[in-house]
Amino acid sequence: MIHEVESARKITEPKCRCSLVSERHRIVAELDALQAEVDALKRLQAETAAELDALLPAILDRAFKGEL
C-alpha cells in the first residue's frame with residue numbers, strides 16, 4: 001500500500017517546481033498590472049463624474065432660460 005501511495009505521489013508531483021513558481025510569478029505580475037489599470041480607470045471615472053456633476057447646474061440653468 002505504501003508503495004502505491006509513493007508511486008501515485010511521483011506521478012502527480014510536477015517534475016520541475018521552478019517552472020511552476022516562475023509561472024505563478026508571471027501571473028501575479030500580470031494581475032498586478034491589470035489591477036493598476038483598473039485603479040487608474042476608477043480614478044478617471046471619478047474625475048469625469050465630478051466634472052459632469054459640476055456641469056449639470058450650468059446646463060440646467062441654460063435649459064430653463066431657453067438658451068439650449
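The following exchange goes through the labels used for a predicted model.

Biologist: What makes up the chain in terms of helices and strands?

Modeller: The chain has two helices and zero strands. Helix H2 covers residues 17-64.

Biologist: How much of the chain counts as buried?

Modeller: Of the 68 residues, 0% count as buried. That label needs under 20% relative accessible area. The chain exposes about 6,500 Å², and carbon and sulfur atoms supply 64% of it.

Biologist: Why is Leu68 called exposed?

Modeller: Its relative accessible area is 67%. The label exposed applies over 50%, so Leu68 is exposed. Leu68 lies in the segment after helix H2.

Biologist: Which residues make the nonpolar surface patch?

Modeller: Leu52, Leu55, Ile59 and Leu68 make a nonpolar patch of about 420 Å². A patch residue must have over 30% relative accessible area. Leu68, at 67%, therefore passes that cut-off.

Biologist: Why is the contact between Arg26 and Glu23 called a salt bridge?

Modeller: The closest N and O atoms of Arg26 and Glu23 are 2.7 Å apart. The rule asks for a side-chain nitrogen of Lys or Arg within 4 Å of a carboxyl oxygen of Asp or Glu, so the pair Arg26 and Glu23 qualifies. Side chains of opposite charge can pair when their charged atoms come close.

Biologist: Where do Arg26 and Glu23 sit relative to each other in helix H2?

Modeller: They are three residues apart in helix H2, and therefore separated by about one helical turn.

Biologist: What makes Arg26 and Glu23 partly exposed?

Modeller: Arg26 has 42% relative accessibility, and Glu23 has 35%. Partly exposed covers the range between the 20% cut-off for buried and the 50% cut-off for exposed, so the label applies to Arg26 and to Glu23.

Biologist: How do you know that Lys65 and Asp61 form a salt bridge?

Modeller: Their closest N and O atoms are 3.2 Å apart, and the limit is 4 Å. The pair Lys65 and Asp61 therefore counts. Lys65 is exposed at 54%, whereas Asp61 is partly exposed at 38%.

Biologist: What makes the contact between Arg62 and Glu67 a salt bridge?

Modeller: The N to O distance between the side chains of Arg62 and Glu67 is 3.7 Å. That value is within 4 Å, so the contact is a salt bridge. Arg62 is partly exposed at 42%, and Glu67 is partly exposed at 49%. Elsewhere, salt bridges that share partners join Glu23, Arg26 and Glu30 into one network.

Biologist: How many salt bridges does the rule give?

Modeller: The count comes to four.

Biologist: Why does the link from the side chain of Thr48 to the backbone oxygen of Leu44 count as a polar contact?

Modeller: The side chain of Thr48 reaches that oxygen of Leu44 at 2.9 Å. The limit for a polar contact is 3.5 Å, so the distance fits. Thr48 is found in helix H2 and is partly exposed, with a relative accessible area of 41%.

Technical notes:
Residues are numbered from 1 along each chain as its sequence is written. This is a predicted model: local features need pLDDT of at least 70, side-chain atom pairs count only at pLDDT 80 or more; totals for chains, interfaces and linings use all residues. Side-chain values use heavy atoms; hydrogens and water are left out. Patches are made of residues with over 30% relative accessible area and no salt bridge: like charges are joined within 9 Å, nonpolar side chains (Val, Leu, Ile, Met, Phe, Trp, Tyr) within 5 Å. Accessible areas come from the Shrake-Rupley method with a 1.4 Å probe; for residues, only the protein chains shown count as cover. Helices (H or I, at least four residues) and strands (E, at least two) are DSSP runs, numbered from the N terminus. Buried means under 20% relative accessible area, exposed over 50%, partly exposed in between (1.4 Å probe, protein chains only). A polar contact is a pair of N or O atoms within 3.5 Å; within protein, one must be able to donate a hydrogen and the other to accept it, and residues adjacent in sequence count only if both atoms are side-chain atoms.
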